Structures are given as C-alpha cells and as structure tokens.
Amino acid sequence: KKKLLKIKRVFVFGDVKKPGMIPMARNMTVLQALAAADNYGETALLEEIRVVRGGDLNNPRILTADMARVFTYGDFSRNIALEENDEIYVPREHLGDAAEAAKKISPIIQLALMPIYPATLAATFGIARP
C-alpha cells in the first residue's frame, strides 16, 4: 500500500497572473507565493495585500502584507511567513480596515474555494490523474 504524500498548499487570488492553488514550499513567504502565481498585475495595490488565515470563513484572521515596503525600502518585516491553507489576496482597490477588508474578500474566497474537485484541479493545474 503506497502512502500518499500530502502536499501543503496556499492559495493566491486577486490581481495576479495565475490565481489559484500553489504548492507550499518550506518557509514560504508572501513574496514567494506572488512569484509562484507568476507575479502581480500592474494595478495591484502592493501595500494592501491580505493574508486570510484560519478555516472559519465567518471569523478569519486577516493580516496585511505590505510588499510596497519590501520593494521601496528593502523592509522585509511585512513579508509574512505563510501557513498551510493561507489565502493571499492581492487587491486592486483599497480594502480599508480589517472588518471592511473581510466583507470585500470573503465572497471572492468562498467562490474561489467552492468546488475543488479532482477533475477541476486536473483541468486547471494540468495535474495528471492516476
């Protein structure tokens, strides 16, 4: 009996070139996740990137990753270390405070995570089926 290797993953949504699920590397940060999503769009608000953490969609933790500080000042303090199943959202409009951000982000994430079926994953990510 073969043991299946469980792939840890994170999700990147919003203004990126390849949104969706990405395999999580060890010690992965927001910056690395953006690179894995083939980078952000020209209209992305890099200082407003949010990391949504926690399975409870009604009460997730929302962290702000300010990538503008990384690129402008080389300040990596806001380059958040990711945890399994984190959802990174790259906005193109100002999200406001955490409560306001949650209202705007929740529907997008619910929609994006809804039907994750093997066939859909295979089609979307080119994963070979056994």
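Biologist: Why does Asn85 count as partly exposed in this predicted model?

Modeller: The relative accessibility of Asn85 is 36%, and since buried means under 20% and exposed means over 50%, the residue falls in between and is therefore called partly exposed. Asn85 lies in the loop between α2 and β5 (87-90), and it has a positive phi of about 70° although it is not a glycine.

Biologist: Where does Asp38 lie, and what makes it count as partly exposed?

Modeller: Asp38 sits in the loop between α1 and β3, where it has a positive phi of about 65° without being a glycine. Its relative accessibility is 37%, and because this value is neither under 20% nor over 50%, Asp38 is partly exposed as well.

Biologist: How many aromatic pairs does the structure hold, and why is the pair of Phe11 and Phe13 called stacked?

Modeller: There are 2 aromatic pairs in the structure. The ring centres of Phe11 and Phe13 are 6.3 Å apart, with the planes at 15°; because a pair requires centres within 6.5 Å and stacking requires planes under 30 degrees apart, both conditions are met and the pair is stacked. Phe11 and Phe13 are both buried.

Biologist: What makes the pair of Tyr40 and Phe71 tilted?

Modeller: Tyr40 and Phe71 are 6.1 Å apart, centre to centre, with 45° between their planes. The distance is within the limit of 6.5 Å, and the angle is neither under 30 nor over 60 degrees, so the pair counts as tilted. Because Tyr40 is in the loop between α1 (30-36) and β3 (49-53) while Phe71 is in helix α2 (residues 67-73), the pair ties together parts that are 31 residues apart in sequence.

Biologist: Are Tyr40 and Phe71 buried or exposed, or what else should they be called?

Modeller: Tyr40 has a relative accessible area of 25% and Phe71 one of 44%, and as buried would need a value under 20% and exposed a value over 50%, each is described as partly exposed.

Biologist: How do you know that β3 is mostly covered?

Modeller: In β3, 5 of its 5 residues are buried, which means that each has a relative accessible area under 20%. Ile49, Val51 and Arg53 point one way from the strand, whereas Arg50 and Val52 point the other way, and all of them are buried.

Biologist: What makes β3 a partner of β4 and of β5?

Modeller: Two strands pair if at least two bridges are found between them, and β3 is joined to β4 by 5 bridges and to β5 by 3 bridges, so both pairings satisfy that condition. β3 and β4 run antiparallel, with Arg50 opposite Thr64 in β4; β3 and β5 also run antiparallel, with Val51 opposite Ile88 in β5.

Biologist: How do you know that β1 and β2 pair?

Modeller: Strand β1 (residues 9-14) is joined to strand β2 (residues 20-23) by 4 bridges, and because at least two are required, the strands count as paired; they run antiparallel. Val10 stands opposite Ile22 in β2, and a hairpin of 5 residues joins the two strands.

Biologist: Which residues of the largest nonpolar core touch the most other members?

Modeller: This core has 22 residues, of which Val30, Ile49, Val51, Met67, Leu82 and Ile88 touch the most other members. At least two of its residues come from each of β1, α1, β3, β4 (61-65), α2 and β5, and α1 gives the most, with 3 residues. Apart from it lies another core, of 9 residues, including Phe13, Ile62, Leu95 and Ile105.

Biologist: Which residues does Ile88 touch, leaving out those up to four places away in sequence?

Modeller: Ile88 touches Val10, Phe11, Val12, Phe13, Val30, Ala33, Ile49, Arg50, Val51 and Leu82, and each counts as a contact because it has heavy atoms within 4.5 Å of Ile88.

Biologist: Where in the protein chain is confidence lowest, and where is it highest?

Modeller: Confidence is lowest in helix α4 (residues 118-125), at a mean of 50, and highest in α1, at 96. Over residues 117-122 pLDDT stays under 50, and the model has 8 contacts beyond four places in sequence for this stretch. The protein chain has a mean pLDDT of 81, with 76% of its residues at 70 or more.

Terms used:
Residues numbered from 1 in each chain as written. Predicted model: local features only at pLDDT ≥ 70, side-chain atom pairs only at ≥ 80, totals over all residues. Heavy atoms only, no water. Phe/Tyr/Trp six-rings, centres within 6.5 Å; stacked < 30°, edge-to-face > 60°. Buried < 20%, exposed > 50% of the residue type's maximum accessible area, 1.4 Å probe, protein only. pLDDT = per-residue confidence, 0-100. Core = buried A, V, L, I, M, F, W, Y, C linked by side-chain atoms within 4.5 Å.
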